[in-house]
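Here are a few exercises to work through with the model open beside you. Try each task yourself before reading its solution.

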Amino acid sequence: MLLPFSAWCFPRKLIPSTTRFSMFVSAPASFKWASSFSQMALVQLDSSSSSSDDDDRQSSIATSTSACANTNKAHHFFFDKDTVRIVQILENLKKEPNLAFAFFHQVKEAGFQHNISTYAALISNLCYRGSQRNLESIFFDLIVSCQENDHLNPPFRISELLHTLTEEFEVGQSLGRAYDALIKSYARNAMFIEAVDVCFHMKRHGFVPHILACNFLMNCLIEHDKVDMALAVYKQLKRVGLIPNGFFYAIVIKILCGKGMLEDALNVFLEMKESEVTHASVAYNAYIDGLCANKKSVLGYQVLRACQVANIAIGTNAYAAVISGFCDEMKIDDAERVFLDFEKQGVITNSHLYGAMIHGYCKGGYLLKALALQNDMVSKGIKVNCLIVSVVLQGLLKKGMLPEVVDQFKEYQSLGICLDEVCYNIVLNALCKLGKVDEAVVLVEEMKAKQMFLDIIHYTTLINGFCLQGNIVEALNLMEEITKSSRLSPDVTFYTMIINSCVKLNRFRKACDLFHDMKRKGIEPDVACYNVLIEMHCKTENLHDAFALCDEMIAKGLEPDIVTYTTLLSVSCNKGYVKKARRLFDGLIEKGLTPDVTFYTIMINSYCQVNCLREAYDLFYEMKRKGIKPDVICYTVLIDKNCKAGNLQNATALFGEMIGRGLEPDIVAYSALLSGCFYLGDVDRATALIDEMSSKGISPDARTISALQCIVLKQKKA
């Protein structure tokens, strides 16, 4: 059910007879936006009011005995008389809507409280001349005033104003302009139910909103993430008789594709084709883009080809969408084929299309092709923009080609290409990872000299560079600079990085200080931040504080993740707290998290350390039943325990199973089995294992060789 119109709220105030409109004379004479004509209108209004005042005073003297009793009546009399004069002036300015608009605001500034009559007169004036912008401004101010003064009793409601306008206007273009302006004003204020209500109010009077007002309403709904409501509005507007244009259909198709409702999008698209609407190419573009965004690039390309055959003008965005779509689906060959096909047709003429293909090459790891295509566009006189630069630099960075990032950046600079803050941050990252923090600092100073905006990401990158060097002092100094800046606001990610760096450098007290500092500033730690502190306490074997932080995290509504549980489980097992470790293990499963092979291995090792081999095997079989494949480390833990328990046969069986599963034993696994052979004096098996190790290029350590020699000597003595 639709809500009624909201009320507007200028309280009805009476103008004191002692001041009335003489205040206009002392009002500021020069408004920047006021015209001389409207000033003259004010003077005319003032002189008329003054003349009336003289007559009123003479009448008042003749009837002085009843003057006090009739004060309120006199006030209303002057109020109504001034309203009539203002309405007359607004009507006289019908051919000068801008002057009428200025006059309306000047009398308001001077203290007059506009009422339904003066508003109707101004709106009539503006509608008559089609002054849409001023119309929207008037309605917008009415709505804002209503929201700011909703506690006051409004003198009239917008619905009453519309009723007055409907009586004064014939249903037609002028009245439609008023309704359209109101729809847009409600939409601009995010009052969407009221906006839709206006649409139905118009229908009851026999006409429908203008398509431009409807397009504006739909766009506002999307901007406010009211996608479902936008779809409902689309259906309602169709029901009241709206005839959409291509822009309207494009909005609806975009919404449906964004929700993955491709079948519904197709139906709307087919409806649009049958309707032969204006600006249909916009809807075609939206449909092609929507298909490609939903990994239906082949269909998108087919629609584009159909447009070409039908001579429907399609913008370059649609061509770029097809290329990007194929690249996102990692169909780089198809994207390349389409790109070359477009190039032959003479479509590829701007950096947007080149950028789409270059982005695809970089995403697929084809950096040489990306650079070659970039050089090709330069040779054709097409300028490389900062978006293409950032894509290329980011591709090199992801590949770990750090020196190449710096060299390519310098080449772009030498070519005079405009580089933005994103490009600078990528090369800052590369320099810091190369350990060239001094060069990174120079680059930051260059950015400042160019008056570029350094955001929190740039500073985070530079601080991380200092931390990688172990220069925590400079990192903290830079952090102090940031906290003093009013433009920058460190977030939880920023603090987590600094805290993590302090932990790695064993600056545990500083890490704790930073943790408490961020909480004092109202920055709530996330799971990643808590994990860093929990790991720190586990590292210092402070289990009490580690578990306390975990409890604090849960109390704040944050769910510990696999990293949290693994850290706490590992330290519990190392300390021999098997029961505590088991509770953690079971708690993880109860919360719906799936333990990984590392988690199982830690728990199995914990049982092995306290000689609970049966429980260790139970977990080993459980993980295999759940499809979690044991790795070399997991097998080695059980092999080692069986060897120490004298179960060489079981250890050998596990070793064979590990190899049978395609896992290659490392030196630790071989050493564990060799220790069992030494323990039982099985020289032949030990010798065979050492030979096997050598054949695989795994060299037994000196301790292993020494142990084997000791066993051989013992057997000879025996």
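**Exercise 1. A charge over a ring**

Task: find which ring Lys369 lies over, and check the distance against the cut-off.

Solution: This is a predicted model, so please read every value below as computed from it. Start at Lys369, which lies over the face of Tyr366, 5.6 Å from the ring centre. A charge counts as sitting over a ring when the Lys NZ is within 6 Å of the centre and within 35 degrees of the ring normal. Now try Lys184: this residue lies over the face of Phe216, at 5.3 Å from the ring centre.

**Exercise 2. Classifying an aromatic pair**

Task: decide how the rings of Phe104 and Tyr119 are arranged, and say where in the chain the two residues sit.

Solution: Rings pair if their centres lie within 6.5 Å, and planes over 60 degrees apart count as edge-to-face. By this rule there are 18 aromatic pairs. For Phe104 and Tyr119, the centres are 5.0 Å apart and the planes meet at 70°, so this pair is edge-to-face. Phe104 belongs to helix α4 (residues 97-109) and Tyr119 to helix α5 (residues 116-129), so the pair links distant parts of the chain, 15 residues apart. Both Phe104 and Tyr119 are buried.

Next, take Phe620 and Tyr635: with 5.6 Å centre to centre and 75° between the planes, they form an edge-to-face pair. Phe620 is in helix α33 (residues 613-625) and Tyr635 is in helix α34 (residues 632-644), 15 residues apart. Phe620 and Tyr635 are buried too. Finally, look around them: Tyr617, Phe620, Tyr621 and Tyr635 make up one aromatic cluster.

**Exercise 3. Checking a helix**

Task: work out whether the length of helix α14 agrees with its residue count, then ask how enclosed the helix is.

Solution: Helix α14 covers residues 280-293, which is 14 residues. The expected span is 1.5 Å times one less than the number of residues. That gives 20 Å, and the end C-alpha atoms are 20 Å apart, so the two agree.

Then turn to burial. Ten of the 14 residues of α14 are buried, so the helix is largely enclosed by the rest of the structure. Among them are Tyr284, Tyr287, Ile288 and Leu291. The buried residues of α14 pack against α12 (246-258), α13 (262-275), α15 (297-309) and α16 (316-328). Just after the helix, Lys295 takes a positive phi of about 60°.

**Exercise 4. Two residues, two settings**

Task: classify Asn642 and Lys363 as buried, partly exposed or exposed, and list their contacts.

Solution: The cut-offs are under 20% relative accessible area for buried and over 50% for exposed, with partly exposed in between. Asn642, in helix α34, has 0% relative accessibility and therefore counts as buried. Leaving out residues up to four places away in sequence, Asn642 touches Leu613, Tyr617, Asn647, Leu648, Asn650, Ala651 and Leu654.

Lys363 lies in helix α18 (residues 351-364). Its relative accessible area is 42%, so Lys363 is partly exposed. With the same sequence neighbours left out, Lys363 touches Cys327, Asp328 and Met330.

**Exercise 5. The overall picture**

Task: summarise the fold and the burial of the protein.

Solution: Count the elements: the protein has 38 helices and two strands. Next, take burial, where buried residues make up 48% of the 718 residues. Last comes the accessible surface, about 36,200 Å², of which 53% belongs to carbon and sulfur atoms.

Key: Residues are numbered from 1 along each chain as its sequence is written. This is a predicted model: local features need pLDDT of at least 70, side-chain atom pairs count only at pLDDT 80 or more; totals for chains, interfaces and linings use all residues. Side-chain values use heavy atoms; hydrogens and water are left out. Rings of Phe, Tyr and Trp (its six-membered ring) pair if their centres lie within 6.5 Å; planes under 30 degrees apart count as stacked, over 60 as edge-to-face and the rest as tilted. Helices (H or I, at least four residues) and strands (E, at least two) are DSSP runs, numbered from the N terminus. Buried means under 20% relative accessible area, exposed over 50%, partly exposed in between (1.4 Å probe, protein chains only). Contact means heavy atoms within 4.5 Å. Accessible areas come from the Shrake-Rupley method with a 1.4 Å probe; for residues, only the protein chains shown count as cover.
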